[in-house]
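Open your viewer and get ready to click along. This tour goes from stop to stop and tells you what to select next.

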Amino acid sequence: MLQLKNISKSYTTGDFTQVALDKVSLNLRENEFVAILGPSGSGKTTCLNIIGGLDQYDSGDLIINGKSTQNFQDSDWDAYRNNSVGFIFQSYNLIAHLSIMDNVELGMTLSGVPAAEKRHKAKEVLEKVGLKDHLHKKPNQLSGGQMQRVAIARALANDPDIILADEPTGALDTQTSEQIMELIKEIAKDKLVVMVTHNPELARKYTDRTVEFRDGKIISDTDPLPDQKVSSDYKLKKTAMGFSTALKLSFKNIMTKKWRTTLTAFASSIGIIGIALILALSNGFNKQINNYEAGALSNFPVSISQSAMSFDRSETAADDAATSKEEYSDSQEIYPYDPSANTIMHTNVLTEKYLDFVKQIDPALIDGISYARKVNMNILKSDGKTATAINTSYFSSFPSKAGGAPGSYLENYYDLLAGSFPSKDTDLVLIVDEYNQLNVASVEALGLDYTADSIGFDDIVGQEFKLIPNDLYYVKSGDHFVVNGTAANLSDMYNSTDAIPLRIAGIIRAQKDSPMSTMAAGIAYSDDLALRFITSAQASKVVKAQEQEDTINLLTGDVFPKTSAQTEMMPGAPMMPGGAGSNTAPVKEDVLAALGATSIPASISIYPKDFDSKEAIVEYLDKWNEDLPESDMIVYTDMAAIVTGLTGGIMNAITLVLIAFASISLVVSMIMIAIITYISVLERTKEIGVLRALGARKKDITRVFNAETFIIGAFSGVLAIGITYLLTIPANIIIKSLTDLSNVAQLNPLHALLLILINVVLTMLGGFIPAKLAAKKNPVTALRSE
Ligand code: ADP
Ligand code: MG
């Protein structure tokens, strides 16, 4: 039971206001077939749309089953259209890209009827309108009469109380019109049907009641219904479209324009392809760098040096000064300045305690530790008859690990060419370079024939030397000490039981793929040997005597220079020839160190196992400096970090710049998507009207278009990632041929996923405004559009 009470409605276009309905009052029975007649423009459609809740009245009231609609919200109207009203239009208004079944099911879909029930109901109504053989056709495969039957089926599907038909036969021939009228009359048996028509004959023949309109007013009514009291128990089931319904609708729509969608998706994928490729490359290069770091750079030791280090502050300070001074000035003056004012000096004072601290580094983190010492070991070589002293300046100590086998570090990074790796502290190794070369000075130091073109391994491996304790090597001569150096004495020393026999255990060479060889070619000994020598040297007479003597070098008789040798470390220190600052003569500490008086090394090099271990080592070393004043800190040098910081920083910068460029194409594709979506909104205006007539909320309309952009975004994102994965193949071939690095371009799957996500979000953002515009469309105007 519907009551229109003094309903007025006018449309304003520009300055002109058209009154479409002028205080119309009309009572409609629950079950009757009403025809609305009247000339064109008399307000028939407007009246119908207001009854159907598609359009809203300006004043008056529409009372549905005794309930006033004056306070209806949008959602109430949506629910009313969905539950209670079925529309039939002159131009059918079927959704072209949906099948007959889907068209009929749409209203039920909106009110959340379960799929099976929906199917059953749709079949039932389609059968009723005589279309059971056409369920899976598309609307454009049907005749006009058949399309109108579909529209009738759709109107009936949700079992509404009211059917509103606006000139349903207006586009049909007479015979078909009759058939459709029969069908509607059949429906009208148990419903309220209000039908607008031009044709008074049809109205008379089929309907129960005729209401005539003219100029927005009712001028006649063949069977008016007086006002009645109606109890108000009117309830509506709210509608809601799920995102999956929206997706399905949009997917079917997109399938009707495959090419356009594919091209759009491809165009909008280009930005993502760019970014994905850049990420793949930078990811690959970073991996290569990391590999290189784990290999080459991890071999860079963390080193701690006892000597003074100078930090040049001039970079900042001199810049400041430079601002006050002019470059290439014409002034006739000079400007004295003190370069050391810009230098911060730091001396690492290594102590036994610190050495213990270093020794306690977790052995699992290190390959080895090597110590550089200034000790001059007394080593003799004998050809069987005469012994000669060896120049040990080409000797160095190789890294080793506490608790590990003496040669364990070497075994990791060096190939054994002959003999064996050192197994005792008295085992020496000969290191040769990649060409098996050895500096002639080293060859000579070994007492071998340095003029020979080549020397067989056999002549070297197993060679013996003797390490001579200080007390045997140096003898007191007056106030001084001298090497007990005549040939006979050297032979005696060589044969003494106190001499420690040394032996070249093997010849080794840095491994081919070893990123760098940490030791120069020459002879290497274990640090244990050095410490063994130092322990005996510390108790030797020459060391004891030199420790007592502050001014005279007991080996040469020279007076020690007064200035600390550290002066030489200061850049730009004045070089005064022969003066106090001269660094030619050794100071007392140097002499003592050379004699083996100190077990403190000049520098320590810690070789990390890998890159992570290095981080852990550095963290461990930092602990020492906690709570120490700056001057007491032990500063280490981490070359790998310096190199990595440099390369990593450059890579990141390049990546960022490239991504910024690629992002421009993302913005372009966003704008493109906005345009495409807007076009789609224009194209689907009619569909919007139909959906609204079927009870879709504004929100649902937004959802339909968001679903469309979601599909395009996801499709183009997946497309982009697919293309990128394909592109990495030729990219890698090109890079391989250019740089010999293989598999550089590698797209991280996580990045791929993120990019698809970003693309979906950006595409949806692009389509957001058009989708909102679509939702705002007035359903009446939307339905009128062609
Ligand atoms: P009928 O269906 O009887 O031909 P309508 O109800 O469609 O008439 O229209 C009634 C009057 O209102 C007409 O003068 C028409 O031009 C005007 N009208 C209808 N809808 C609109 C609208 N959306 N904007 C402006 N004028 C409108
Ligand atoms: Mg009309």
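## Empty spaces inside

Start with the enclosed gaps: the count comes to four cavities of 30 Å³ or more. Keep in mind that this is a predicted model. Rolling a probe the size of a water molecule over the atoms shows where empty space is left.

Go to the largest cavity, with a volume of about 60 Å³. To see its walls, select Arg81, Val85, Gly86, Phe87, Phe89, Arg154, Ala155, Val690, Ala693 and Leu694. What classes do the residues of this lining fall into? Seven are nonpolar, one is polar and two are charged.

Now colour the elements behind those walls. Strand E6 (85-88), helix H5 (144-157) and helix H21 (685-693) each bring at least two residues to the lining of the largest cavity. Which element gives the most? Strand E6 does, with three residues.

## The second largest pocket

Next, move to the second largest pocket. About 580 Å³ of space lies in this pocket. Its lining has 27 residues. Select Thr45, Thr46, Asn49, Asp166 and Arg784, which lie nearest the centre of the pocket.

Then show the elements. Strand E2, helix H1 and helix H24 (779-784) are the ones that give two or more residues to the lining of the second largest pocket. H1 gives the most, with five residues. By class, the lining of this pocket holds nine nonpolar, 12 polar and six charged residues.

## Ligand 1

What sits in the second largest pocket? Select ligand 1, and you have found the occupant. Strand E2 (16-28) and helix H1 (44-51) are the elements that give two or more residues to the shell around ligand 1. The largest share of that shell, three residues, comes from H1.

Now display the whole shell. The residues around ligand 1 are Tyr11, Gln18, Ala20, Pro39, Ser40, Gly41, Ser42, Gly43, Lys44, Thr45, Thr46 and Arg784. Colour them by class: three are nonpolar, seven are polar and two are charged.

## Three contacts to zoom in on

Which atoms of ligand 1 should you look for at each contact? Take them one at a time.

- **Glycine 41.** Show the backbone here. A backbone N or O atom of glycine 41 is 2.7 Å from an oxygen atom of ligand 1.
- **Threonine 46.** Switch to side chains. A polar side-chain atom of threonine 46 lies 2.5 Å from an oxygen atom of the ligand.
- **Arginine 784.** Stay with side chains. An N or O atom in the side chain of arginine 784 is 3.0 Å from a nitrogen atom of ligand 1.

Last, turn on the surface. How much of ligand 1 does the protein cover? On its own, ligand 1 has 550 Å² of accessible area, and the protein covers 76% of that.

Definitions and conventions. Residues are numbered from 1 along each chain as its sequence is written. Chains are lettered from A and ligands numbered from 1 in the order in which they are written. This is a predicted model: local features need pLDDT of at least 70, side-chain atom pairs count only at pLDDT 80 or more; totals for chains, interfaces and linings use all residues. Side-chain values use heavy atoms; hydrogens and water are left out. A residue is near a molecule or strand if one of its heavy atoms lies within 4 Å of it. A polar contact is a pair of N or O atoms within 3.5 Å; within protein, one must be able to donate a hydrogen and the other to accept it, and residues adjacent in sequence count only if both atoms are side-chain atoms. Accessible areas come from the Shrake-Rupley method with a 1.4 Å probe; for residues, only the protein chains shown count as cover. On a 1 Å grid over the protein atoms alone, a cavity is a set of points where a 1.4 Å probe fits but cannot get out, and a pocket is an open set with protein on both sides within 12 Å along at least five of seven lines; lining residues have an atom within 4 Å of a point. A molecule sits in a cavity or pocket if more than half of its atoms lie within 2 Å of its grid points. Helices (H or I, at least four residues) and strands (E, at least two) are DSSP runs, numbered from the N terminus. Ala, Val, Leu, Ile, Met, Phe, Trp, Tyr, Cys and Pro count as nonpolar, Asp, Glu, Lys and Arg as charged, and the others, Gly among them, as polar. Grid points are joined across faces, edges and corners, and a volume is the space filled by probe spheres set on the points.
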